[in-house]
Amino acid sequence: MPRTRKRRRRPEVQRIPRSEALLPEYDRTAVPEGMVTRRQLRDMNLSPGDNCGPDGARGPVAILRCKWCSYRPQWSCIHPTRAGLFRVDLAKPKRTPTLAQEWALDRAMAARQTCPGPCRRRYFHCLPLKKLGTCLECFDGTPADPSSYVTAAAHRLAA
């Protein structure tokens, strides 16, 4: 007797009418001047800063609708490909790390990049320490490119 296969239910899509959406939404071709995405802020060396939505919480001021939602203007965009829009005039410059923070980051990266084996080399990439435990040269003898590591005495800040 063959077993019947259960059909999976498709997850219900919760459609929100555009008029009830909390944030204003813009299509990709209709973004107002002075609003950019987080990635564009990062390229300008800015952080979102004091951007506040209509409810007073920090975060995006508007939503950049995905390409698919531009064909359905009556519904609010709920797809993961949407993006938040921030005002450039409220953005602040990025914070620069202190010297102590840079040292802490360098120690953390050194732990991931230094071979615990007999060679004690610090590579310019993270080593597979969980799988192999050492660098490839110490593990199976595969020669490493001399331009991909630094000797233990020449460690310097990575940041």
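Hi everyone. Let me begin with a term: a contact here means heavy atoms within 4.5 Å. With that in hand, take the contacts in this protein with a separation of 6 or more: residues 24 or more positions apart account for 58% of them. Please keep in mind that what you see above is a predicted model.

Now the overall layout. The protein has 3 helices and 8 strands. If you walk along the sequence, the order you meet them in is β-β-α-β-β-β-β-α-β-α-β. There are 159 residues, and 23% of them count as buried. As for the surface, the accessible area of the protein is about 12600 Å², with 54% of that belonging to carbon and sulfur atoms.

Let me zoom in on one residue, R87. You will find R87 in strand β5, which covers residues 83-87. Is R87 buried or exposed? Neither, in fact: its relative accessibility is 32%, and that makes R87 partly exposed.

So who does R87 touch? Setting aside neighbours within four places in sequence, R87 is in contact with G34, M35, N51 and V61. T37 is worth a look as well: R87 and T37 sit 50 residues apart along the chain, and their C-alpha atoms are separated by 8.8 Å. R87 also has a partner just along the sequence, since its side chain and that of D89 are joined by a polar contact of 2.8 Å.

Another arginine, R121, brings us to the aromatic residues. R121 lies over the face of Y149, at 4.2 Å from the ring centre. As for rings pairing with rings, the count comes to 1 aromatic pair.

On to the cysteines. A disulfide is a covalent bond between the sulfur atoms of two cysteines. How many disulfides does a search of the whole structure find? The search finds 0. Why is C138 not bonded to C119? The sulfur in C119 is the closest cysteine sulfur to that of C138, but the two are 3.4 Å apart, which is too far for a bond. The cut-off behind that reasoning is 2.5 Å between the sulfur atoms.

How covered are these cysteines? C138 is partly exposed, at 28% relative accessibility. C126 also counts as partly exposed, with a relative accessible area of 30%.

To recap, then: a predicted model with 3 helices and 8 strands, an R87 that is joined to D89 by a side-chain polar contact, an R121 over the face of Y149, and 0 disulfides. Thanks for listening, everyone!

Terms used. Residues are numbered from 1 along each chain as its sequence is written. This is a predicted model: local features need pLDDT of at least 70, side-chain atom pairs count only at pLDDT 80 or more; totals for chains, interfaces and linings use all residues. Side-chain values use heavy atoms; hydrogens and water are left out. Rings of Phe, Tyr and Trp (its six-membered ring) pair if their centres lie within 6.5 Å; planes under 30 degrees apart count as stacked, over 60 as edge-to-face and the rest as tilted. A charge sits over a ring if NZ of Lys or CZ of Arg is within 6 Å of the ring centre and within 35 degrees of the ring normal. Buried means under 20% relative accessible area, exposed over 50%, partly exposed in between (1.4 Å probe, protein chains only). Helices (H or I, at least four residues) and strands (E, at least two) are DSSP runs, numbered from the N terminus. Accessible areas come from the Shrake-Rupley method with a 1.4 Å probe; for residues, only the protein chains shown count as cover. A polar contact is a pair of N or O atoms within 3.5 Å; within protein, one must be able to donate a hydrogen and the other to accept it, and residues adjacent in sequence count only if both atoms are side-chain atoms.
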